[in-house]
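Subject: Structure handover

Hi,

Here is the structure for you to look over. My notes follow below it.

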Amino acid sequence: PQSPGSPAAPRRQSKESSLTINCVTFPHPDVMPEQQLLKPSEWSYCDYFWADKKDSQGNNTVSGFEILLQKQLKGKQMQKEMAEFVRERIKIEEEYAKNLSKLSQNSLAAQEEGTLGEAWAQLKKSLADEAEVHLKFSSKLQSEVEKPLLNFRENFKKDMKKCDHHIADLRKHLASRYTAVEKARKALTERQKDLEMKTQQLEVKLSNKTEEEIKKARRKSTQAGDDLMRCVDLYNQAQSKWFEEMVTTTLELERLEVERVEMIRQHLCQYTQLRHETDMFNQSTVELVDQLLRKVDPAKDRELWVKEHKTGDIRPVDMEI
């Protein structure tokens with residue numbers, strides 16, 4: 001389609017002013033000017049989904065509303081899959097926290113002494129602190145990201161089914177009105193032919209038809225014309241109702257899609273914020289380890305160890321003769 005607000009292309013002249021596609025009347029592109037968009041400055045749903053479209057196999061047609069509905073259902077599925085993705089991340093964080101906590105309780109190198117021993121003990125303790133950070137991260141992911149993704153528009157499918165049935169019923173009603181118009185049009189054509197034939201026969205005196213029979217045929221033709229006008233009026237009313245509901249519903253679907261995207265964006269931003277906070281807390285758990293490592297002093301460690309474990313400071317001397 002042309003972009004919103006673009007000038008209309010020149011049209012070729014044709015006798016037909018409209019055409020009907022799947023029981024919906026549209027202005028004929030050769031004689032009608034470009035229609036004004038309902039929302040000229042936007043690529044809005046309410047302007048571009050009136051006609052039907054061939055499916056991917058090219059066998060059947062899909063209504064414009066059905067295409068919009070499929071997009072909404074796909075969006076809901078994507079939202080669900082995002083929640084499942086976050087759930088997997090939560091499981092990884094929980095398992096990681098569990099393993100960190102278990103490792104922090106490992107007794108390997110527990111007998112290291114001195115300032116290095118202090119740094120080593122703090123390093124193991126930092127694992128327990130880091131495990132706590134990741135456990136809190138997983139808990140916040142569940143409450144602040146996964147759960148809102150799952151709960152948002154939880155009645156979405158039911159609401160969409162109502163919309164689908166409502167629009168589908170209006171299209172069925174429109175189709176039945178169109179069938180009535182075609183039936184009335186055919187009846188009028190037959191009545192007109194019958195009237196014309198009887199009139200011609202009377203004029204050339206090929207029949208015993210009386211003027212009374214001609215009047216009767218004329219009344220039937222007039223009645224058929226009135227029936228056609230009534231059917232066309234009912235059809236136009238049905239199409240107008242369908243048009244109004246389509247505009248209202250497509251704008252609502254558009255609003256829901258904007259709402260869905262914005263909601264997901266906000267919760268993914270929350271995810272990244274929690275991730276930044278986790279990195280910050282993880283960094284804080286090793287800061288004390290860094291401080292103690294900078295204070296590791298082999299000379300001091302040696303001094304302390306010697307003082308604790310010395311056996312005596314009298315050295316051997318040479319044996320005298």
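The notes below go through a helix, an aromatic cluster, the cysteines and a few single residues.

This is a predicted model, in which local features need pLDDT of at least 70, side-chain atom pairs count only at pLDDT 80 or more, and totals for chains, interfaces and linings use all residues. Residues are numbered from 1 along each chain as its sequence is written, and side-chain values use heavy atoms, with hydrogens and water left out.

Helix α5

Helices (H or I, at least four residues) and strands (E, at least two) are DSSP runs, numbered from the N terminus. Helix α5 covers residues 211-294, which is 84 residues. The expected span is 1.5 Å times one less than the number of residues. That gives 124 Å for α5, and its end C-alpha atoms are 122 Å apart, so the two values agree. There is also a kink of about 30° in α5, centred on Val286. The bend at a residue is the angle between axes fitted to the seven residues ending there and the seven starting there.

Arg218 is in α5 too. Its C-alpha is 6.1 Å from that of Leu195, with the two positions 23 residues apart in sequence numbering. Arg218 has a relative accessible area of 40%, so it is partly exposed. The classes are buried (under 20% relative accessible area), exposed (over 50%) and partly exposed (in between), with a 1.4 Å probe and protein chains only.

Aromatic cluster

The structure holds 6 aromatic pairs. Rings of Phe, Tyr and Trp (its six-membered ring) pair if their centres lie within 6.5 Å; planes under 30 degrees apart count as stacked, over 60 as edge-to-face and the rest as tilted. Trp50 and Trp242 are edge-to-face, because their planes stand at 80°, with centres 5.5 Å apart. Trp50 sits in the loop between α1 (45-48) and β3 (53-54), Trp242 in helix α5, and the two are 192 residues apart. Both Trp50 and Trp242 are buried. Trp50 and Phe243 are stacked, because their planes are at 15°, with centres 4.8 Å apart. Phe243 is also in α5, so this pair ties together parts that are 193 residues apart in sequence. Trp50 has a relative accessible area of 17%, whereas Phe243 is partly exposed at 36%. Trp50, Trp242 and Phe243 form one aromatic cluster.

Cysteines

How many disulfides does a search of the whole structure find? It finds 0, a disulfide being a pair of cysteine sulfur atoms within 2.5 Å. For Cys23, the nearest cysteine sulfur is that of Cys231, 14 Å away. Cys231 is buried, at 9% relative accessibility.

Thr115

Thr115 is found in helix α3 (residues 114-151). Its relative accessibility is 11%, so it counts as buried. The Thr115 side chain reaches the backbone nitrogen of Asp297 at 3.1 Å. Not counting residues up to four places away in sequence, Thr115 touches Lys295, Val296, Asp297, Lys300 and Asp301. Contact here means heavy atoms within 4.5 Å.

Positive phi

Asn22 is not a glycine, yet its phi is positive, about 50°. Asn22 is in the loop between β1 (18-21) and β2 (24-27) and is partly exposed at 37% relative accessibility. Ala109 is not a glycine either, and has a positive phi of about 60°. Ala109 lies in the loop between α2 (64-104) and α3, partly exposed at 43%.

Best wishes

Technical notes. A polar contact is a pair of N or O atoms within 3.5 Å; within protein, one must be able to donate a hydrogen and the other to accept it, and residues adjacent in sequence count only if both atoms are side-chain atoms.
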